[in-house]
Amino acid sequence: MAMYQVACPGCGAPVEYRSAASRMAVCGYCRTTLLRDADAVRDIGKQAALIEDHSPVQIMTSGQYAGQGFTVVGRIQLRYEHGVWNEWYLLFDDGSSGWLGDFAGQFVIARPDGDAVGPPLFDKVEPGNRWSHGGTFWHASDIRKAECVAAEGELPFPVDARWVARVIDYRHRDEFLTLDYSDLPPVCYRGRAVSLAGLYAQRLRDVDAVAARAGRLQGGVATLICPACGAPAAVVPGATQHLTCPSCRSQISLAAGQAEVISRQAADERAVSATLQAGETLTIEGLAWRVMGWLRCGVPADASEPEWFEYLLYAPQAGFSWLVETRQGWQRARVLNAWPESFTATAATLGGKAFVRRYLYVAEVRQVVGAFPWRARAGDRTEIGEYVQGDRVLNLERSQHEMGWSLAEPVSLDQVASWAGRRLASIAPAPAGLNTEKPMLLDVAGKATLKPLAWTFTGLIGLLNLRYILPFNFDALVVTGIALYLLWLPLTVKEFD
């Protein structure tokens, strides 16, 4: 029920304010923006048209969270370097408010949690940094500067195309904490990852409503004709933000509601053939998964390390998933909404199971083919920490502005072939003389990380044995030398046979 209603000065249509805290509303007919000041409103211009993203959420969608009902009354659409996402403004039954973050089918609900006490400087935070709030240590997972694309409905503050959001997302297990620097002092929002089914969401957009606004079905897979070369490519309308054409390698932006070529690239000079191809369909557990694209990756610090492929899969009913193909076999990986209960440089605990870190290295994207929800580019680098527990691999992935966790479990080549419905050949074997079964204990980055610790123990061993070595004691000197040799051995050799 509306608390306040006015006639739009642009077209005369009724504009409602459902929350006493709302200061701005956008006319749903002519997009005139109204700013409320006490009991008066004034026209402050028109909002830009929203980018059609095929979200099922809309104004007046309702649901339940933490025992309370809520209604969606407004939206801000934001664009950052790699894509577009929505922040839906929620009004709860008790008059309080919150936000529903919506990006490519993933949802996070968060409510105000007070002013930040002793917040870090925005420009000094890096992914993985810890910050204490509310008696909990949080890890920075996402640092973004984003510009407002458009807005609709009612909002608690005025926004336009000049408004820039500066936010840091923190994680603790399955909880989210957002530190919003858009205004000073920074404000905290706290919540969890959710699903629309778990929210008992009602009044979602149906197929007909989506088709009326965009001319194509929500959640389906469409074919785009590359504007650079005319070749067809599979995309997910509303979820695909960037496309690297499988034929000409041109990079195409789809975030502005149209296909725009942002760079043209010649095809990779090396003849590289992935086992699965962009556009191919796999049937997994009764669902049809489309291969949207693939990344060819390698380790830039070690040319002897074999390359691998990462395939992005999409199913309308389930969202996105990954298949990873290495020289050792295949893995199916999923991004974790609930982070490990604990993790250090050497171990992590997930679901009560202990994982031990095996590798630490930097991975580089060497080739991109197909469609992705972000702008994937050759040359992108990510720091990877692999923690193992049996044949399961827990991956810590950290880039310049993001950090996340994924869990990979092995699948056989025969299983992948059955999903694809055809025979598959493994990726090319390792070059002659290269034994890919030998474990790489530490790469360059790992050695650099442990060297300060090794120097500390060197000094400690020398100090503790000084009284045995002096005056000159040959036996004590030999024993101390052997201990120091064994301490430094893992940091000096390349690999063990």
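Begin by selecting arginine 171 and phenylalanine 176, because strand E14 (strands are DSSP runs of E with at least two residues, helices runs of H or I with at least four, each numbered from the N terminus) is where phenylalanine 176 stands opposite arginine 171. The model on screen is a predicted one, in which local features need pLDDT of at least 70, side-chain atom pairs count only at pLDDT 80 or more, and totals for chains, interfaces and linings use all residues. Residues are numbered from 1 along each chain as its sequence is written, and side-chain values use heavy atoms, with hydrogens and water left out.

**The hairpin and its strands**

Widen the selection to E13 and E14, which run antiparallel and are joined by six bridges; two strands are said to pair if DSSP finds at least two bridges between them. In the hairpin that these strands form, with two residues between them, select arginine 173, which takes a positive phi near 55 degrees.

Next add strand E12 (residues 136-155), which pairs with E13 (residues 164-172) in the antiparallel sense over eight bridges. One place to look along this pairing is glutamate 147, whose bridge partner in E13 is valine 164.

**Glutamate 175**

Now select glutamate 175, found in strand E14 (residues 175-180). Is glutamate 175 buried or exposed? Glutamate 175 counts as buried because its relative accessibility is 14%, where buried means under 20% relative accessible area, exposed over 50%, and partly exposed in between, with a 1.4 Å probe and protein chains only. Show the side chain of arginine 190 as well, with which the side chain of glutamate 175 makes a polar contact at 3.3 Å; such a contact is a pair of N or O atoms within 3.5 Å, where within protein one must be able to donate a hydrogen and the other to accept it, and residues adjacent in sequence count only if both atoms are side-chain atoms. Leaving aside residues up to four places away in sequence, glutamate 175 touches Trp138, Tyr170, Arg190, Gly191 and Arg192, a contact being heavy atoms within 4.5 Å.

**Alanine 140 and the cysteines**

Move to alanine 140 in E12, which counts as buried at 0% relative accessibility. Among the residues that alanine 140 touches, not counting those up to four places away in sequence, are Val125, Pro127, Ile168, Tyr170 and Met403. A distance drawn from the C-alpha atom of alanine 140 to that of leucine 179, 39 residues apart along the chain, comes to 9.8 Å.

Then select cysteine 148, buried with a relative accessible area of 4%, and cysteine 188, which counts as buried at 0% relative accessibility. A search of the whole structure for disulfides, meaning pairs of cysteine sulfur atoms within 2.5 Å, finds zero.

**The cores**

Turn to the largest nonpolar core, which has 22 residues, those with the most contacts inside it being Leu295, Trp308, Trp322, Tyr361, Val368 and Phe372; a nonpolar core is a set of buried Ala, Val, Leu, Ile, Met, Phe, Trp, Tyr and Cys residues joined through side-chain atoms within 4.5 Å. The elements giving two or more residues to this core are strands E22 (287-298), E23 (308-315), E24 (319-326), E28 (353-372) and E29 (381-389), and E28 supplies the largest share, seven residues. Apart from this core lies another, of 21 residues, among them Ala274, Leu323, Ala417 and Ile427.

**The whole chain**

Finally, show the whole protein chain, whose secondary structure comes to five helices and 31 strands, and of whose 497 residues 45% count as buried.
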